[in-house]
Each structure stands twice: as C-alpha cells, then as structure tokens.
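I set these entries down in the order in which I looked things up. The structure comes first, and my notes follow.

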Amino acid sequence: MGNPALVLLLGILTLPIAGCGGGSSGDSATATPGATENTLFPERPALESSYLSIDEESEVFLAVDLNGSSFQDFENENGTSLNIVIVAGDEGVYVHTPSIDSPKTVELFLTFTNENSTFSEPISVHVRNTSAETLEKRTRQTIDDSASFLGLEQDLALYHFAVDTAYLNGVIKHSEKNRLMEDFVPKLSLAYSSLDSALSELGASYSGYRQGRVTDVELEQLIQQIDVLARDHGAYGVEKLRSISHFSEIFAPTLTAGTLSFSEQAGFFSRFVGHPVYGDWHGQTFQLKPPYNMITSLLRTSLSQDVLCDAI
C-alpha cells in the first residue's frame, strides 16, 4: 500500500487538468453563439422625379423603382387633387391631367405598400394651361408695352419731330416751338385714367392667374377692355398730330390714318404697323412705303426698335 499523502497530492494535481481538457460536462464547456437573423428595413419606392410639368388634358408616365412595393392611391396635402387621375402601370404610374382655366400646381403624396409597410412619397405637379398660350403671350406683351402706348410715345415722337422741323426751317419761332411741345400731354386724354387703371389691374390679374387664382376668361375680359380704351386713348394722339399736320406734311403725306390697336404680328400697339397706308408686310417684316423713308427711324416697326423724339 502506497503513501497516503502522495496519493492525495496526485489526486489534487489531476483535477484542474481534467477540467481544462475539454470534458463532456455541459457546465464546463463555453457555448458558441449561434447566427442571429437580421431583419432588414424594406427599401422605399424611388420616383424618377419629384416634380412634373404637364400640359392640360394629357398623360405622362412617371417611372418608379418600386422595390417590391405597389402603387395604391394618392392624396393632396391641401385636400384637392384638381381632378388629376393617377393609375398604376408597369414600373411606374400614369398621371392624367384635366382641362383647366389657369396654371395649377398641386402637391401630392403617392401611397405605395408592400406586405409589411406603407410609404408616402411627395410629388409636385404643375399643369400648364396650354389652351390659353396665345392669351398668355398677348397679356405679357401688353404689360411690357403698356408704358409706351399709355404715354403715346410713337405719336409724341412724330409730333416733336414735326415741331422741331418747323422750327429749324424757320417756320415758327422758338417761343411757339416751346408752346407746342408743352401742348402734347397724354394724361389729358379722356381715356388715360381708365386705361392706366386697367393696365394696373391687368398686371395684378396676370400675377394671380399664374398662381391659379384668376381664370383665363377674366384675363380675356381685361384685354378686351384695354383694347377699347387704347383705341379711345390713341384718338388724342391723332388729334394732336392733325393740329400740326401743316408741319408734318413737309416730310410725310399723312400721320393720322389708323386707330391705336394691338398688332399680333408685331407684338405691340401701333397705328402704323399693319396699316396699308404706311406699308406692307413682307414675311415677318413690316416695310414702310417710299413716302415714309425720311422718317424710317421714327416709325417703330419691330419690338427691338427705339424711336427718336427730336429732329436732327
């Protein structure tokens, strides 16, 4: 029989070895974590564009990267959709626009869903009032030309030229020249005040029209009113030119034919452009007749032309 102390010592020394040697006991083994399942967030649908500018009564296709979702519906953040219709299509949506009476812009939210999620994607849709493009152009041109025809600048230039010519040729004295120059005052026209107010209203109305608050019908009514007032206002210029016709006949047979009206082809108000007494259209150019060659620089025949006011 061996030494009991030695046997006990050997037993103690072997305990940690057994424990570190990877015994089968579950309590002593270190567990390896298992792979956890990653739950990914679904991708949102991606619109090709968040802004559309579309003609009225038309259809456009908006491509959408659906990312597993499908189009469901749409709503307007202001509560109205302007009767726009949006329907699902392959790889996107179709946007249908209605007939309108002024440009409109609506802010929409397109709704997409998949099995677990709902997405709301914003989009701004601007609808162009294409049926009123000619009216819009006419309105802009009238506003741009308003200072010129309100001030009767064309007739004033001819009037000044005639008076200056008479003075330089010794027909009238300097004092008479000054008196005549001061006698042409467009603000004294009976239609001036009403025309001035109508033009101011047109500017404000066109701004409201572009914001969708004023209709094209209202704009058309204002244009018609201005056309009538311009004709009456232009009569003042004719009257003043007639009063010094004995001066102007030196360089032109007549300067008083025609009424002040808007020339669609030229893009501004005139008594001269388009009137057969003064000239003829050759393509897009109004060419004055030979008797008016002396005052070609004084008669405005294009938008880019500046007129002179004094004789040289």
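Leaving aside its neighbours within four places in sequence, which residues is Leu255 in contact with? I am working from a predicted model, and in it I find Leu255 touching Leu158, Leu241, Ser248, Arg271, Phe272, Tyr278, Tyr292 and Ile295, once the neighbours within four places in sequence are set aside.

**Entry on the cores.** I then looked up the largest nonpolar core, which has 53 residues, and noted that Leu255 is listed with Phe149, Leu158, Ile226, Tyr292 and Ile295 as those with the most contacts inside it. I checked which elements feed this core, and α2, α3, α4, α5, α6, β10 and β12 each supply at least two of its residues. Apart from it I found another core, of 22 residues, and I wrote down Ile86, Ile100, Val106 and Phe112 as being among them. As background I keep in mind that nonpolar side chains tend to be buried together in soluble globular proteins.

**Entry on helix α5.** I followed α5 from residue 192 to residue 210, which gives 19 residues, and its 27 Å from first C-alpha to last is close to the 27 Å expected at 1.5 Å a residue. Which residues of α5 are buried? I list Tyr192, Leu195, Ala198, Leu199, Leu202, Ser205, Tyr206, Gly208 and Tyr209, and these buried residues pack against α2 (133-150) and α6 (216-243). Just after the helix, I noted that Gly212 takes a positive phi of about 85 degrees.

**Entry on rings.** A search of the whole structure gave me 11 aromatic pairs. I looked at one of these, Phe262 with Phe269, which is edge-to-face, with 5.3 Å from centre to centre and 70 degrees between the planes. Both Phe262 and Phe269 are buried, and ring pairs join them with Phe149 into a cluster. Phe149 had already come up among the residues with the most contacts inside the largest nonpolar core. I also looked for charges over rings, and found Arg138 over the face of Phe262, at 4.0 Å from the ring centre. The charged end of Arg300 sits over the ring of Phe268, likewise 4.0 Å from its centre.

**Entry on salt bridges.** How many salt bridges does the count come to? I get 9, and I looked at several of them one by one, remembering that side chains of opposite charge can pair when their charged atoms come close.

Arg300, already noted over the ring of Phe268, also meets Asp145 in a salt bridge at 3.0 Å, N to O. This pair links distant parts of the chain, with Asp145 in helix α2 and Arg300 in the segment after β12 (285-288), 155 residues apart. Asp145 has a relative accessible area of 4% and is therefore buried, and Arg300, at 14%, is buried as well.

Arg271, which I had listed as a contact of Leu255, meets Asp155 in a salt bridge at 2.8 Å, N to O. Arg271 lies in the loop between β10 (268-270) and β11 (279-282) and Asp155 in helix α3 (residues 153-168), so the pair ties together parts that are 116 residues apart in sequence. I find Arg271 buried, with a relative accessible area of 3%, and Asp155 buried, with 4%.

The side chains of Asp183 and Lys240 meet in a further salt bridge, at 3.1 Å, N to O. Asp183 is in the loop between α4 (174-181) and α5, whereas Lys240 is in helix α6, and 57 residues separate them. Is each partner buried or partly exposed? Asp183 counts as partly exposed at 31% relative accessibility, whereas Lys240 counts as buried at 12%.

**Entry on backbone angles.** I looked last for positive phi values, given that most residues other than glycine have a negative phi. Asn67 has a positive phi of about 50 degrees although it is not a glycine; Asn67 lies in the loop between β3 (59-65) and β4 (70-76), and is partly exposed, with a relative accessible area of 27%. For Leu152, also a residue other than glycine, I noted a positive phi near 50 degrees. Leu152 lies in the loop between α2 and α3, and is buried, with a relative accessible area of 4%.

Technical notes:
Residues are numbered from 1 along each chain as its sequence is written. This is a predicted model: local features need pLDDT of at least 70, side-chain atom pairs count only at pLDDT 80 or more; totals for chains, interfaces and linings use all residues. Side-chain values use heavy atoms; hydrogens and water are left out. Helices (H or I, at least four residues) and strands (E, at least two) are DSSP runs, numbered from the N terminus. The expected span of a helix is 1.5 Å times one less than its number of residues. Buried means under 20% relative accessible area, exposed over 50%, partly exposed in between (1.4 Å probe, protein chains only). Contact means heavy atoms within 4.5 Å. Rings of Phe, Tyr and Trp (its six-membered ring) pair if their centres lie within 6.5 Å; planes under 30 degrees apart count as stacked, over 60 as edge-to-face and the rest as tilted. A charge sits over a ring if NZ of Lys or CZ of Arg is within 6 Å of the ring centre and within 35 degrees of the ring normal. A salt bridge is a side-chain nitrogen of Lys or Arg within 4 Å of a carboxyl oxygen of Asp or Glu. A nonpolar core is a set of buried Ala, Val, Leu, Ile, Met, Phe, Trp, Tyr and Cys residues joined through side-chain atoms within 4.5 Å.
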